[in-house]
Amino acid sequence: MNVDLTVNGEAHSLDVEPRTSLADALRDGLGLTGTTLGCEHGVCGSCTVLVGGTAVRSCLMLAVQAQGTEVRTVEGLADGDTPHPLQEAFAAEHALQCGFCTPGFLMLLAGALAADPELGRDERRLDAVLSSNLCRCTGYAGIRRAAQRVARSL
């Protein structure tokens with residue numbers, strides 16, 4: 001089955017099995033391995049990408065469901081050689097350790113802050129958003145600070 005999508009601003013046509021997840025299409029079909037696979041049940045959030053500007057679990061979405069959409073992965077977050085403000089804030093606030101969950105958090109927050117720039121100013125709402133992704137290393141404090149840093153600059 002042929003699927004046409006725009007990924008990180010570039011048009012792609014992929015031949016996939018109907019059961020192929022968007023995560024597998026991105027990783028195996030396009031070589032975009034920044035989208036990590038953890039639980040493959042939509043629980044951990046490490047596979048989060050933006051589809052049409054909305055954060056989705058790419059392990060739960062079929063590639064064919066993304067037909068004709070704009071997909072943004074962590075590889076497309078930076079502007080050329082200039083890191084996205086979230087990437088800079090994650091480094092400055094020590095918001096990562098092993099880095100496995102980091103792409104999912106970056107994409108989750110990129111979508112959430114684009115939709116609601118005030119999110120980082122409301123700790124309860126921010127914590128609710130962050131609780132949808134799992135991190136075993138950082139304890140979320142640095143991730144929260146990074147989101148708040150970016151929200152202040154918006």
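Helices here are DSSP runs of at least four residues, numbered from the N terminus. With that in hand, let's walk through this predicted model.

**Stop 1: helix H5.** Select residues 141–153, which form helix H5, and pick out arginine 152 within that helix. Is arginine 152 buried or exposed? Its relative accessible area is 57%, and exposed means over 50%, so arginine 152 counts as exposed. Now add arginine 121 to your selection. The two arginines, 152 and 121, are 31 residues apart in sequence, yet their C-alpha atoms lie 7.6 Å apart in space.

**Stop 2: helices H3 and H4.** Next, show residues 102–115 (H3) together with residues 123–130 (H4); their axes come within 11 Å and cross at roughly 135°. That angle falls outside the ranges for roughly parallel, antiparallel or perpendicular, and H3 and H4 are therefore oblique to each other. The crossing of this pair is right-handed. Which residues make the contact? Turn on side chains for Phe105, Leu108, Leu109 and Ala112 on H3, then for Leu126, Val129 and Leu130 on H4. Colour them by class and you will find 7 nonpolar residues, with no polar and no charged ones.

**Stop 3: helix H1.** Finally, move to residues 22–30, helix H1, and highlight its buried residues: Leu22, Ala23, Ala25 and Leu26. What do they pack against? Bring up four strands to see: S1 (2–7), S2 (10–15), S3 (48–51) and S5 (70–72). Before you leave, step just past the end of H1 to glycine 31, where phi is positive, near 75°.

Terms used:
Residues are numbered from 1 along each chain as its sequence is written. This is a predicted model: local features need pLDDT of at least 70, side-chain atom pairs count only at pLDDT 80 or more; totals for chains, interfaces and linings use all residues. Side-chain values use heavy atoms; hydrogens and water are left out. Buried means under 20% relative accessible area, exposed over 50%, partly exposed in between (1.4 Å probe, protein chains only). Helices (H or I, at least four residues) and strands (E, at least two) are DSSP runs, numbered from the N terminus. Contact means heavy atoms within 4.5 Å. Axes are lines fitted to C-alpha atoms, for helices over the stretch in contact, and angles run from 0 to 180 degrees between N-to-C directions. Angles under 35 degrees count as roughly parallel, over 145 as roughly antiparallel, 65 to 115 as roughly perpendicular and the rest as oblique. A crossing is left-handed if the near helix is turned anticlockwise from the far one by less than a right angle, and right-handed if clockwise. Ala, Val, Leu, Ile, Met, Phe, Trp, Tyr, Cys and Pro count as nonpolar, Asp, Glu, Lys and Arg as charged, and the others, Gly among them, as polar.
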